[in-house]
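The following exercises concern the packing of a single protein chain. Please examine the sequence and the model before reading each worked solution.

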Amino acid sequence: MMLGLSRREFRWRSRLAFARMTPLQRDVFRQLGREEVSYEEVAQNLGLTTGAVAGEFATALLILADAFDEPTPWWRRLRQG
């Protein structure tokens, strides 16, 4: 269990968050997920400034956090039994 959620719930909330992100936010999030990549390298890869990369990453993190803070919909609670 991750964050007190079942694996199924964790995957569902992660997919929900990724669906809410723009393609640029998803790309920045995925690239920065690797430890060996810096903000400067991502900025260079995407043709952005480091400030823009930081802003997109911060927004992506907020979207992810919001997806995990939302209450579970009633129809998902029924399926979990």
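**Exercise 1: The nonpolar core**

Task: identify the residues with the most contacts inside the largest nonpolar core, and the helices that supply it.

Solution. The largest nonpolar core comprises 16 residues, and Val28, Leu32, Val42, Val53 and Leu64 have the most contacts inside it. Each of H2, H3 and H4 supplies at least two residues of this core. H4 gives the largest share, seven residues. Such a core is a set of buried Ala, Val, Leu, Ile, Met, Phe, Trp, Tyr and Cys residues joined through side-chain atoms within 4.5 Å; buried means under 20% relative accessible area, exposed over 50%, and partly exposed in between (1.4 Å probe, protein chains only). Helices are DSSP runs of H or I with at least four residues, numbered from the N terminus.

The model is predicted: local features need pLDDT of at least 70, side-chain atom pairs count only at pLDDT 80 or more, and totals for chains, interfaces and linings use all residues. Residues are numbered from 1 along each chain as its sequence is written, and side-chain values use heavy atoms, with hydrogens and water left out.

**Exercise 2: The two sides of H2**

Task: determine which residues of helix H2 are buried and what covers them.

Solution. Within H2 (residues 23-32), the buried residues are Gln25, Val28, Phe29, Gln31 and Leu32. They lie on the same side of H2 because they cover an arc of only 170° around the axis, taken from the directions from the helix axis to the C-beta atoms. Pro23 and Arg30, on the other side of H2, are exposed. The cover over the buried residues includes helix H1 (7-20), helix H3 (39-46) and helix H4 (50-69).

Key
Contact means heavy atoms within 4.5 Å.
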